[in-house]
Amino acid sequence: MAKMLDFRKAKKPTLPIMLDDDLVVNVYTPSKELLEELLDSQEEIKSLRDDDDREKLNTLFDMIARILSNNRENREFEINEITKYLDARDAARLLNGYVEFVAEHSK
């Protein structure tokens, strides 16, 4: 007989992200909904290199807020808080690192 799969005890991978000396969040892999949004926004975010479109910048920081809010510490992040820690280049770097983390754990 098969054993029960108990997801309450499953250890979920996290990506530790240090935003400043006193703030580290351990971010989980995304939900299906967040992953779909991340995939849908990739081209829009990549095109930020070409211009400084405010709407695209808002899309980037909104995505970062959602990613950071999906954490072990159950801490919610808002865009205005994130802009205190990250500029646009840092946000793009965080997003790239997160995509690599997700790809690594989806294999």
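Reader: Leaving aside its neighbours within four places in sequence, which residues is Ile 17 in contact with?

Author: Happy to start there: Ile 17 touches Leu 23, Val 24, Val 25, Val 27, Leu 68 and Leu 94, where contact means heavy atoms within 4.5 Å. The model is predicted, so local features need pLDDT of at least 70 and side-chain atom pairs count only at pLDDT 80 or more, while totals for chains, interfaces and linings use all residues. Residues are numbered from 1 along each chain as its sequence is written, and side-chain values use heavy atoms, with hydrogens and water left out.

Reader: Why is Ile 17 called buried?

Author: Buried means under 20% relative accessible area, exposed over 50%, and partly exposed in between (1.4 Å probe, protein chains only). Ile 17 has a value of 10%, so it is buried. For the whole protein chain of 107 residues, 32% count as buried.

Reader: And what makes Asn 74 exposed?

Author: Its relative accessibility is 67%, so Asn 74 counts as exposed. Asn 74 sits in the loop between helix 2 and helix 3 (79-85). Asn 74 also has a positive phi of about 60 degrees, although it is not a glycine. As background, most residues other than glycine have a negative phi.

Reader: How many helices and strands does the protein chain have?

Author: There are 4 helices and 2 strands; these are DSSP runs numbered from the N terminus, with helices (H or I) of at least four residues and strands (E) of at least two. Read from the N terminus, the order is β-β-α-α-α-α.

Reader: What joins strand 1 to strand 2, and which way do they run?

Author: Two strands pair if DSSP finds at least two bridges between them. Here 6 bridges join strand 1 to strand 2 (residues 23-28), and the two run antiparallel, so the pairing condition is met. Pro 16 has Asn 26 as its bridge partner in strand 2, and Thr 14 stands opposite Tyr 28. With 2 residues between them, the strands form a hairpin. Ile 17 is itself part of strand 1.

Reader: Which residues touch the most other members of the largest nonpolar core?

Author: A nonpolar core is a set of buried Ala, Val, Leu, Ile, Met, Phe, Trp, Tyr and Cys residues joined through side-chain atoms within 4.5 Å. The largest one holds 24 residues, and Ile 64, Ile 67, Leu 68, Ile 82, Leu 95 and Tyr 98 touch the most other members. Strand 1, strand 2, helix 1 (32-46), helix 2 (54-69) and helix 4 each supply at least two of its residues, and helix 2 gives the most, with 7. Beyond its neighbours within four places in sequence, Ile 82 is in contact with Phe 61, Ile 64, Ala 65, Leu 68 and Phe 77.

Reader: What volume does the second largest pocket have?

Author: About 240 Å³. On a 1 Å grid over the protein atoms alone, a pocket is an open set of points where a 1.4 Å probe fits, with protein on both sides within 12 Å along at least five of seven lines, and lining residues have an atom within 4 Å of a point. Strand 1 (14-20) and helix 4 (88-105) each supply at least two lining residues. Among the lining residues are Ile 17, Tyr 85, Asp 90, Arg 93 and Tyr 98.

Note on methods. Grid points are joined across faces, edges and corners, and a volume is the space filled by probe spheres set on the points.
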